[in-house]
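Dear colleague,

Please find below the structure that I am passing on to you. My notes on what was found in it follow directly after.

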Amino acid sequence: MSSFDPNAIGIPNGNFLGLPYTQEEADIIILPVPWDVTTSYRSGTHRGPEAVIKASTQVDLFDFFLEQAWENRITALPLPDEILQLNQQLRPLAQQVIHLLETGSSSVDPQMMTLLEEINQGCEKMNQWVYQSTHYWISKGKTVGLLGGDHSIPLGLIQAVSEKFSGFGILHIDAHADLRKAYEGFTFSHASIMYNVLEHTSIEKLIQVGIRDVCEEEMIRGHHDKRIRQYDDYLLAFETLNGKPFSETCEEIVGHLPSKVYISFDIDGLNPELCPHTGTPVPGGLSFEQVVLLLHILATSGRQIIGFDLVEVAPGLEDEWDANVGARILQKLCNFTRLSQI
Ligand SMILES: [Mn+2]
């Protein structure tokens, strides 16, 4: 580490941003979760973690919002083989379920029930694995960020965080509300993560930002559950178009959050130009600078960021643009976490 030069080109050493820190030295642990079993539209996010780490090597370390950002002790854990294997095993089964549904089968058909049971048990296993792994690092005083994978992955981490910080809030950036009670029969669907978080953790506030592709049931839930506040994409865009400074809107958003904040960042909350290969892209969305402004206001508001996830980054086969943007968002999440803690 003593020979590390933050001005040199990044060395592909397997770590995020090519940083030199070991697991013991690190303050922020990035846990890759290569998982996309329940992805409905198109798969590929299980390749996200590897692609983001690889693309991160060419990201410069200087940060306009954090002094000496290279001293932020971040390390990424290796790709977990057991999770990759379980994902490979379950994904074809989930494809079968989706195919059966599309051809008119119902979720109570015996063949379907057997498939769903196996998939739901596998997802439960992944949740347990995430919970146990992240609980371990949190108990050592570290902050954990997950790198997905689809949006079903963070339940275990949010449960671990919830045990340590009761009454925390979530800043949820996404094109989708993810409030469905199961989706396509999958209890732990990427489309149900916030439903499951509201059921299974001590969450006090859920602030959803950028949502624009939702079902009726999700909007009704959003209006009736006092814990939820929705800043949909049209509200954000129209306010700005009508001359309200976006920073004012950000202050309001942050103002709803309690002192401990977890960030759940679905890359499709951004404009799809920034994530063209993500599983379920939707027109509209936040710009990179809007997100940086929002996170900066959060990190300097006196609130503490206690964990985060970045999900749904799916690398293209031909180009690494999605992974490049993902790496830069992950860098900002890590550095704003640090900024919020000093
Ligand atoms: Mn999502």
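**F168 and the strands around it**

F168 is located in the loop that connects α4 (155-164) with β4. Please bear in mind throughout that the model is predicted. With 23 other C-beta atoms within 10 Å, F168 counts as buried, because the cut-off for that class is 20 or more. Setting aside neighbours within four places in sequence, F168 is in contact with V161, S162, I203, E204, P258, K260, V261, Y262 and I306. A further pairing in space concerns L257: its C-alpha atom and that of F168 are separated by 8.1 Å, although the two residues are 89 apart along the chain.

**Strand β4 and its partners**

The loop of F168 leads to β4, a strand that covers residues 169-173. Of its 5 residues, 5 are buried, so β4 is largely enclosed by the rest of the structure. The residues of β4 point in two directions: G169, L171 and I173 one way, I170 and H172 the other way, and all are buried.

β4 pairs with β5 (residues 205-209) in the parallel sense, over 5 bridges. Within this pairing, I173 stands opposite V209 of β5. Together with helix α5 (residues 193-200), β4 and β5 form a right-handed β-α-β unit.

β4 also runs parallel to β7 (residues 260-266), and 5 bridges join these two strands. Here I170 of β4 has Y262 of β7 opposite. Y262 is also one of the residues in contact with F168.

**The sheet as a whole**

Which order do the strands of the sheet follow? The sheet is open and has 8 strands, arranged as β2-β1-β3-β8-β7-β4-β5-β6 with parallel pairing. β2 (74-76) and β6 (228-231) stand at its edges; each has a single partner strand, so one side of each is left without a neighbour in the sheet. On average, and with direction ignored, neighbouring strands of this sheet are turned by 15 degrees against each other.

**From β7 to β8 and β3**

β7 pairs in the parallel sense with β8 (residues 304-311), over 7 bridges. V261 has I305 of β8 as its bridge partner, and S264 stands opposite D309 of β8. V261 appears among the contacts of F168 as well. As for burial, β8 is mostly covered, with 7 of its 8 residues buried.

β8 further pairs with β3 (residues 143-148), in the parallel sense and over 3 bridges. In this pairing, G145 stands opposite F308 of β8.

**Helices α8 and α9**

A second right-handed β-α-β unit may be noted, made by β7, helix α9 (residues 288-299) and β8. Helix α9 is also met by helix α8 (residues 246-255): their axes come within 9 Å and cross at roughly 45 degrees. That angle makes α8 oblique to α9. The crossing of α8 past α9 is right-handed. On the side of α8 the contact is made by F246, S247, C250, E251, I253 and V254, and on the side of α9 by Q290, L293, L294, I297 and L298.

I should be grateful for any comments you may have.

With kind regards

Conventions. Residues are numbered from 1 along each chain as its sequence is written. This is a predicted model: local features need pLDDT of at least 70, side-chain atom pairs count only at pLDDT 80 or more; totals for chains, interfaces and linings use all residues. A residue is buried if 20 or more other C-beta atoms lie within 10 Å of its own, exposed if 12 or fewer, and partly exposed in between; C-beta atoms are placed from the backbone. Helices (H or I, at least four residues) and strands (E, at least two) are DSSP runs, numbered from the N terminus. Two strands pair if DSSP finds at least two bridges between them. A crossover is right-handed if, with the strands pointing away from the viewer, the path from the first strand over the helix to the second runs clockwise. Two residues are in contact if their C-beta atoms, placed from the backbone, lie within 7 Å. Axes are lines fitted to C-alpha atoms, for helices over the stretch in contact, and angles run from 0 to 180 degrees between N-to-C directions. Angles under 35 degrees count as roughly parallel, over 145 as roughly antiparallel, 65 to 115 as roughly perpendicular and the rest as oblique. A crossing is left-handed if the near helix is turned anticlockwise from the far one by less than a right angle, and right-handed if clockwise.
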